[in-house]
Amino acid sequence: MESSSIEDFRAARARVLETIAGACKRSGRDPGAVSLVAVSKTVDASRLATAVQAGLDLLGENRVQEAESKCPLLPGARWHLIGPLQSNKARKAVQLFDAIETVDSLDLARRLDRLAGESGRHPTGLGIYLQVNVDRDEAKSGFLPEILQGELHELSSLPNVRLLGLMTVGRLTGSAEEARPTFARLRGLSERLTGEHPSLGHGLSMGMTNDYAVAVEEGATLVRVGRAIFGTRADVPKGSASGR
Ligand SMILES: *Cc1c(COP(=O)(O)O)cnc(C)c1O
């Protein structure tokens, strides 16, 4: 297992924040409005402990089971779930995560609402992002925009979840520029829906190592960056929904 020093992580963090700042400058945005989720899937807890010390204290995991083994070892971190959530893992997810970025159906939102209410762990509501399949890509999960529009009224009424905003994954092929239309569409959708539903937050989780600068130019408030911080991941099994 490769290791990294605290200096390595400080430098990696500084590089990513600089890239974010550059994108903010180009688009007239405030860098303070963009948060960094360090995507820590496959990274072991001892490396993560160093990363947290270096200021990377908001971590993103894509599997509940993996998070279950790491979260207790890293009490100084906050955790976002960025991978698909099966309903039988929802209870565990509510216990482990500070926010769930991959809520892709009304059913799942209702379940999380109920479990968050029972758990008592989220007194101001469990933070969720509504994942949107803006590209209508059959390979991706997420609400189709018109479905979300139709269900947002009920989503807004759930008492134990807080709708922090929308989340999407850009096109996985080719250049960062190819992801721009996806990000622009998510922002457009957010502007429309937050106008109709004030309880929907303005958060936009979009952008990964390959395309986060473009995502910030298009309005991301949360970028999910793994490889640019932790290096290339060992291969994850083909077919795992969001492992790359
Ligand atoms: C793995 C993953 C990321 C991070 O990808 P990198 O290319 O390592 O930056 C971001 N978002 C989701 C949903 C992921 O599964």
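These are my notebook entries on a predicted model, taken element by element.

**Entry 1: aromatic pairs.** I searched for paired rings and got a count of one aromatic pair. The partners are Phe 9 and Phe 230, arranged edge-to-face, with 5.6 Å centre to centre and 65 degrees between the planes. I then looked up where the two rings sit in the chain. Phe 9 belongs to helix α1 (residues 6-27) and Phe 230 to helix α9 (residues 227-230), so I noted the pair as a link between distant parts of the chain, 221 residues apart. I checked burial as well, and both Phe 9 and Phe 230 are buried.

**Entry 2: helix α2.** For helix α2 (residues 45-53) I listed the buried residues: Ala 45, Arg 47, Leu 48, Thr 50, Ala 51 and Val 52. What do the buried residues of α2 pack against? I found α1 and α9, along with β2 (58-61), α3 (64-70) and β3 (78-81). Just after α2 I came to Gly 55, which has a positive phi of about 100 degrees.

**Entry 3: positive phi outside glycine.** I noted Thr 42, which is not a glycine and yet has a positive phi of about 75 degrees. Thr 42 is in the loop between β1 (35-39) and α2. I recorded Thr 42 as partly exposed because its relative accessibility is 34%. Arg 136 went on the page too, with a positive phi near 50 degrees in a residue other than glycine. I placed Arg 136 in the loop between β5 (126-131) and α6. Its relative accessibility is 47%, so Arg 136 counts as partly exposed.

**Entry 4: nonpolar cores.** The largest nonpolar core has 68 residues, and I looked for the members that touch the most others: Ile 100, Leu 112, Leu 130, Leu 148 and Leu 155. I followed up Leu 112, leaving aside neighbours within four places in sequence, and found contacts with Leu 85, Ala 90, Val 94, Ile 100, Val 103, Leu 126, Ile 128 and Val 161. There is also a second, separate core of seven residues, and I wrote down Met 167, Val 169, Met 208 and Leu 222 as being among them.

**Entry 5: α6 against α7.** I took helix α6 (residues 145-156) and helix α7 (residues 180-196), whose axes come within 11 Å and cross at roughly 15 degrees. Angles under 35 degrees count as roughly parallel, so I entered α6 as roughly parallel to α7. The crossing of α6 and α7 is right-handed. Which residues make the contact between α6 and α7? From α6 I have Pro 145, Leu 148, Gln 149 and Leu 152, and from α7 I have Leu 189, Arg 192, Leu 193 and Glu 196. Leu 148 had already appeared in my entry on the largest nonpolar core.

**Entry 6: Ser 119.** I located Ser 119 in helix α5 (residues 106-119). At 33% relative accessibility, Ser 119 is partly exposed. I also looked up the C-alpha separation between Ser 119 and Arg 91, which is 8.5 Å for residues 28 apart along the chain.

**Entry 7: Asp 211.** Asp 211 lies in the loop between β7 (203-205) and α8 (212-217). Is Asp 211 buried or exposed? I have Asp 211 as buried, because its relative accessible area is 7% and the cut-off for buried is under 20%. Not counting residues up to four places away in sequence, Asp 211 touches Gly 170, Arg 171, Ala 176, Ala 179 and Phe 183.

Definitions and conventions: Residues are numbered from 1 along each chain as its sequence is written. This is a predicted model: local features need pLDDT of at least 70, side-chain atom pairs count only at pLDDT 80 or more; totals for chains, interfaces and linings use all residues. Side-chain values use heavy atoms; hydrogens and water are left out. Rings of Phe, Tyr and Trp (its six-membered ring) pair if their centres lie within 6.5 Å; planes under 30 degrees apart count as stacked, over 60 as edge-to-face and the rest as tilted. Helices (H or I, at least four residues) and strands (E, at least two) are DSSP runs, numbered from the N terminus. Buried means under 20% relative accessible area, exposed over 50%, partly exposed in between (1.4 Å probe, protein chains only). Contact means heavy atoms within 4.5 Å. A nonpolar core is a set of buried Ala, Val, Leu, Ile, Met, Phe, Trp, Tyr and Cys residues joined through side-chain atoms within 4.5 Å. Axes are lines fitted to C-alpha atoms, for helices over the stretch in contact, and angles run from 0 to 180 degrees between N-to-C directions. Angles under 35 degrees count as roughly parallel, over 145 as roughly antiparallel, 65 to 115 as roughly perpendicular and the rest as oblique. A crossing is left-handed if the near helix is turned anticlockwise from the far one by less than a right angle, and right-handed if clockwise.
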